[in-house]
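Okay everyone, thanks for coming. I'd like to walk you through one structure today, so let's put it up on the screen.

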Amino acid sequence: MGLTSDEEPKTKDMENGSLSSSHYHTENLPNIHKVGVPRRSNLLKEFTGGVKETFFSDDPLRPFKGQTKSRKFILAIQAVFPIFEWGRDYNLTKFKGDVIAGLTIASLCIPQDIGYAKLANLAPQYGLYSSFVPPLIYAFMGSSRDIAIGPVDVVSLLLGSLLQNEIDPIKYPAEYRRLAFTATFFAGITQATLGLLRLGFLIDFLSHAAIVGFMGGAAITIALQQLKGFLGIKNFTKKSDLVSVMQSVWGSVHHGWNWQTVVIAVAFLGFLLFAKYLGKKNKRFFWVPAIAPLISVILSTFFVYITRADKNGVQIVKHIEKGINPPSVNQIYFTGDYVIKGFKIGVVAGLIALTEALAIGRTFAAMKDYQLDGNKEMVALGTMNVVGSMTSCYVTTGSFSRSAVNYMAGCQTSVSNIVMSCVVLLTLELITPLFKYTPNAILSSIIISAVISLIDYETAYLIWKIDKFDFVACMGAFIGVIFASVEVGLLIAVSISFAKILLQVTRPRTAILGRLPRTTVYRNIEQYPDASKVPGILIVRVDSAIYFSNSNYVKERILRWLTDEEEHLKANGLPRVDFLIVEMSPVTDIDTSGIHALEELYRSLQKRDVQLVLANPGQVVIDKLHASKFTDLIGEDKIFLTVSDAVLTCAPKVVDEA
């Protein structure tokens with residue numbers, strides 16, 4: 001800190017003092033304050049405070065304080081069903097926006113649902129079922145105004161990939177469906193449990209970079225899987241890796257491709273990509289890419305019907321079951337060998353679905369500046385999947401493409417999901433027979449055009465520029481998905497994310513500090529090259545909490561800094577280091593292993609005739625240092641509020657001359 005003119009004479013009188021702090025007392029120095037020691041808190045109070053901050057940081061019970069019993073009951077209903085809260089202010093203007101948005105996303109979801117059901121190796125109607133019941137549940141329980149609910153490509157592919165490893169969907173379709181409903185049930189249980197126990201922060205362990213790589217790899221895998229329908233190949237590999245798919249494609253080039261199918265697929269893929277380009281080019285035409293898939297389905301179906309191209313090898317959907325969702329609660333495995341398999345698949349699919357939905361919800365909530373309750377979202381998503389599993393649905397979540405269209409169409413609330421659900425209901429009851437001649441090629445084209453946007457190369461390049469380790473996580477997930485499988489890519493993504501956390505925890509950053517010219521501010525000399533070291537003093541900053549996982553490294557790294565500095569000083573004939581100041585303001589916490597490491601550091605420094613000094617330990621840290629008697633070991637006069645105070649006390653003459 002700076003000295004006033006009244007304090008300068010006092011400082012000048014210090015020039016004749018010894019550099020040894022044993023002969024120098026802080027009470028004789030101007031503006032030097034002792035480090036505050038907090039009162040010892042009650043153990044129970046400290047524990048409950050920590051639990052509250054970890055699991056209830058948003059203070060969810062605040063609205064209930066001071067309310068009557070009847071009001072508390074109403075608030076509880078609104079907490080579970082947010083529609084009763086925002087519904088009070090609902091009006092005709094909002095309804096018009098929601099109707100337009102709902103009709104728009106319905107035109108997009110119907111052809112997508114049929115295609116995504118194929119990704120999950122299920123009959124087309126199950127995709128439509130999954131866009132009827134779950135959106136209704138979410139509309140009542142979800143807190144996002146913009147998320148559009150339904151099947152999504154990545155989760156459909158993941159579910160289909162994991163399920164077919166257990167049961168062949170062609171040989172045993174009934175058992176396969178039962179396992180799909182079982183996995184959906186446990187996916188919902190997992191999501192709802194995380195929300196009820198307020199464990200949503202666990203989702204954040206999957207880094208953004210890993211998700212970008214995983215989604216990009218999944219997009220390519222999904223697109224490769226569509227080559228079967230795109231080219232009209234009948235005998236196609238069941239594997240999803242790049243090598244197996246390309247071998248299957250090129251192995252059937254002379255006898256397996258159908259040229260009529262290729263013409264239909266290429267023509268409509270070009271139309272869909274042009275519609276998407278037009279929508280991006282001019283925001284007023286956002287509805288063009290939204291309605292383009294439905295137009296494509298109608299035109300291609302009519303074309304196949306009048307030309308009877310199905311008799312020339314063009315594969316068609318053939319039959320979609322008419323009617324609303326049949327109950328499926330009796331088909332869920334609650335006993336037997338498939339319960340554990342369904343549970344494992346459900347947990348994985350549920351976590352991926354949850355990650356995607358929360359990312360989408362947070363994105364649009366930030367754009368519209370409203371609060372998204374992550375725990376309510378998890379409960380809502382979990383409930384809709386549990387109910388969905390009992391009504392012939394498979395895992396559903398928030399769809400990015402539909403949510404973007406929903407947002408652009410001017411949705412006001414989640415009523416747009418109700419409108420979409422009603423349109424799907426009418427489709428199931430009245431229109432499904434019309435899809436009989438829909439070519440599989442058009443469904444492949446719709447899916448390929450939809451997943452292209454998942455390959456976010458711009459973000460990948462930005463990750464490369466910002467953090468190379470993040471880029472490794474991104475590419476590891478990407479390569480794992482396209483060259484192995486979706487589950488391997490997911491495992492790599494999670495493993496690299498955890499590896500990064502472990503690396504940062506076990507190898508925290510440390511820095512040498514120097515004083516900026518004409519100030520009493522001390523900063524990293526690597527960041528500020530004009531910052532100068534103080535003769536006779538080495539100042540080290542530790543940029544992390546000190547725990548059992550890194551305490552030994554921190555101690556050894558500080559000693560290594562000291563050794564390097566002493567060698568440098570000796571080589572240049574400069575005075576040796578007498579004081580080592582550890583700047584502890586970034587040290588948010590310390591455990592017994594950390595304190596033990598400081599004790600070992602103190603003893604090592606004593607052997608070198610170097611005094612250990614601490615600067616600005618935080619409340620938690622100083623409390624533990626006092627409790628462990630470490631402050632008695634090094635002396636109260638070796639703990640300072642700032643680095644400036646420590647330097648001024650340890651080397652006042654040097655400070656005055658600077």
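Let's start with charge: there are 63 positive and 56 negative charges in this protein, and their mean positions sit 10 Å apart. Keep in mind that what you're looking at is a predicted model.

Now the overall picture. The chain has 658 residues, and 51% of them count as buried. Measuring along the principal axes, in the computed sense, the C-alpha trace spans about 105 × 70 × 55 Å. The exposed surface comes to about 31,600 Å², with carbon and sulfur atoms supplying 61% of that. As for secondary structure, we've got 28 helices and 8 strands.

How far apart in sequence are the residues that touch? If you take contacts between residues at least 6 apart in sequence, 80% of them join residues at least 24 apart.

The domain assignment splits the protein into domain 1, residues 92-498, and domain 2, residues 508-650. Between the C-alpha centres of those two domains there's a distance of 54 Å.

Okay, let's go to the sheet. It's an open one with 6 strands, and if you walk across it you meet β4, β3, β5, β6, β7 and β8 in that order, with mixed pairing. At the edges we find β4, residues 522-524, and β8, residues 639-640, each pairing on one side only. A quick reminder for anyone new to this: strands of a sheet pair through backbone hydrogen bonds, and they can do that parallel or antiparallel.

I'll spend a minute on β3. On one side β3, residues 510-515, pairs with β5, residues 537-542, in the antiparallel sense over 3 bridges. If you want a pair to look for on screen, find Ile-512 and its bridge partner Val-540 in β5. β3 also pairs with β4, again antiparallel and over 3 bridges. There, the pair to look for is Gly-514 with Arg-523 in β4.

So is β3 covered or open? It's mostly covered, with 6 of its 6 residues buried. In a regular strand the side chains alternate between the two faces of the sheet. For β3, one side has Thr-510, Ile-512 and Gly-514, the other has Ala-511, Leu-513 and Arg-515, and they're all buried.

Now follow the chain out of β3 into the hairpin with β4, which has 6 residues between the strands; in there, Arg-518 takes a positive phi near 60°. Arg-518 is not a glycine, by the way. Buried or exposed, this Arg-518? It's exposed, at 84% relative accessible area.

Further along the sheet, β6, residues 579-583, and β7 run parallel, joined by 5 bridges. Within that pairing, Leu-580 stands opposite Leu-612 in β7. β7 itself covers residues 611-615 and is mostly covered, with 4 of its 5 residues buried.

While we're in this part of the sequence, have a look at Ser-551, which belongs to helix α23, residues 551-571. Ser-551 has a relative accessibility of 6%, so it counts as buried. What does Ser-551 touch, leaving aside neighbours within four places in sequence? The answer is Ile-546, Ser-593, Gly-594 and Ala-597.

Last stop: the loop between α14, residues 287-307, and α15, residues 338-368, where we find Arg-308. Arg-308 is another residue to check for its backbone: phi is positive, about 50°, although it is not a glycine. With a relative accessible area of 30%, Arg-308 is partly exposed.

That loop between α14 and α15 also holds Tyr-333. Where does Tyr-333 end up, buried or exposed? Its relative accessible area is 9%, which is under the 20% cut-off, so Tyr-333 is buried. Which residues does Tyr-333 touch, not counting those up to four places away in sequence? They are Glu-175, Arg-178, Leu-179, Thr-182, Phe-186, Tyr-338 and Val-339. And here's a distance to try on your own screen: Tyr-333 and Ile-306 are 27 residues apart in sequence, and C-alpha to C-alpha they're 45 Å apart in space.

That's my tour, so let's rotate the model and take questions.

Technical notes
Residues are numbered from 1 along each chain as its sequence is written. Side-chain values use heavy atoms; hydrogens and water are left out. Two strands pair if DSSP finds at least two bridges between them. Helices (H or I, at least four residues) and strands (E, at least two) are DSSP runs, numbered from the N terminus. Domain bounds come from an automatic or database domain assignment. Buried means under 20% relative accessible area, exposed over 50%, partly exposed in between (1.4 Å probe, protein chains only). Contact means heavy atoms within 4.5 Å. Accessible areas come from the Shrake-Rupley method with a 1.4 Å probe; for residues, only the protein chains shown count as cover. Lys and Arg count as positive and Asp and Glu as negative; His and the chain ends are not counted. The place of a charge is taken as NZ of Lys, CZ of Arg, CG of Asp or CD of Glu.
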